[in-house]
Amino acid sequence: MDKKLLFEVKDIKKYFLIKKAKKEEDKVYVKAVDGLSFEIYEGETLGVIGESGCGKSTLGRNMLRLEEPTSGSIIFKGRDIVGLDKRQMLELRKEMQFIFQDPHSSMNPKLTIKDIISEPLDNFRKDMTNEQKTNYIIELLEIVGLTKDVLNRYPHEFSGGQKQRIVIARGIALNPSFVVCDESVSALDVSVQAQVINLLKNLQKKFSLTYMFISHDLRVIKHISDRIMVLYLGNIMEIAESNELFKNPKHPYTKSLINLVSSGEKVKINDKQILKGEIPSPLQISAGCPFNTRCPQAQDKCFKEKPLLEDLNETHKVACFFAN
Ligand SMILES: Nc1ncnc2c1ncn2[C@@H]1O[C@H](COP(=O)(O)OP(=O)(O)OP(=O)(O)O)[C@@H](O)[C@H]1O
Ligand SMILES: [Mg+2]
């Protein structure tokens, strides 16, 4: 099957200046995203996994230009969206949506559900009458498994799963083609998680959506992703088709994540026990491979040179000198 490219991301970097100084060499930056290059294909779910602080949310925000990348390019449908001005970006806003971790904080508690879902329509669908909007909102609610009874109620009256459905209804209101889901089910109980993931999958089929699905929970990522990208300290360690990554992980970091999940223990990768040693401070990344301080296979070379992300085969890339 021919895959159609939706995004081509080239060497994207996002550095946060956290200590100002007159001289460049005295300034201190957090390299939250440190030169990522990858593709996203139409209709797929690209899972993004990695420990807390590895740059997942920063990447998501930069993809949607909610934050300006430090450098690099993000080519969306053939056009570099880095550097587009506000007006040019406004048009693209409709096509790209963000669904956040905590549905409660992403809804204004003082607004009714109808007003919350209406927000993007008020901004972008000035052609719609009020009646058309209401009917459309009812339709959206039905799509996400809710009824029109909820229209005039307030966010605090709903469970976490219901709130997430409302946020999803708002997220798809403008018919986006690309949605970043950032820990969208992490706050939910496991059974509700599965329901919301199934809803997202159904919506994907129905509306030909493309997802970038961010999570620190490898089980969730495995369940929903076509391909998986493993991040560590702002770098891609490995990227492969989901089944391939689980069957044939090549990077020592990916291997340890997967071993942990298949051991059957109920652990999330933010838990400290996952790997020996702490994740280094992003301010003190040494030369060489970012994973060298914790890698059981590290050799001299890994402390001197940074391994590039290289093709293992057509669909599997890994950044490790000793992948084979
Ligand atoms: N606005 C900011 N200013 C300074 N540093 C920031 C800012 N936003 C993020 N960072 C830093 O960038 C790094 C990546 O953060 P990010 O939130 O992208 O990680 P994450 O992978 O989403 O983590 P989590 O799993 O905890 O959500 C962290 O070291 C974080 O402290
Ligand atoms: Mg995050």
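Before anything else, I pinned down my labels: helices (H or I, at least four residues) and strands (E, at least two) are DSSP runs, numbered from the N terminus.

I'm working from a predicted model, where local features need pLDDT of at least 70, side-chain atom pairs count only at pLDDT 80 or more, and totals for chains, interfaces and linings use all residues. Residues are numbered from 1 along each chain as its sequence is written, and side-chain values use heavy atoms, with hydrogens and water left out.

**Entry: the pocket**

I looked up the largest pocket (on a 1 Å grid over the protein atoms alone, an open set of points where a 1.4 Å probe fits, with protein on both sides within 12 Å along at least five of seven lines; lining residues have an atom within 4 Å of a point). Its volume, the space filled by probe spheres set on the points, is about 400 Å³. I get 16 lining residues, with Gln-97, Phe-98, Phe-100, Pro-120 and Arg-170 closest to the centre.

Which element gives the largest share of the lining? That is H3, with 4 residues. Strand S6 (96–99) and helix H5 (160–172) each supply at least two, as does H3.

**Entry: H3 against H4**

I then followed H3 (residues 113–124) to H4 (residues 130–143): their axes (lines fitted to C-alpha atoms over the stretch in contact, angles from 0 to 180 degrees between N-to-C directions) come within 10 Å and cross at roughly 110°. I therefore noted the pair as roughly perpendicular (65 to 115 degrees).

For contacts (heavy atoms within 4.5 Å), I listed Ile-117 and Leu-121 among the H3 residues, and Tyr-136 and Leu-140 among those of H4.

Notes
Chains lettered and ligands numbered in written order. Parallel < 35°, antiparallel > 145°, perpendicular 65-115°, else oblique.
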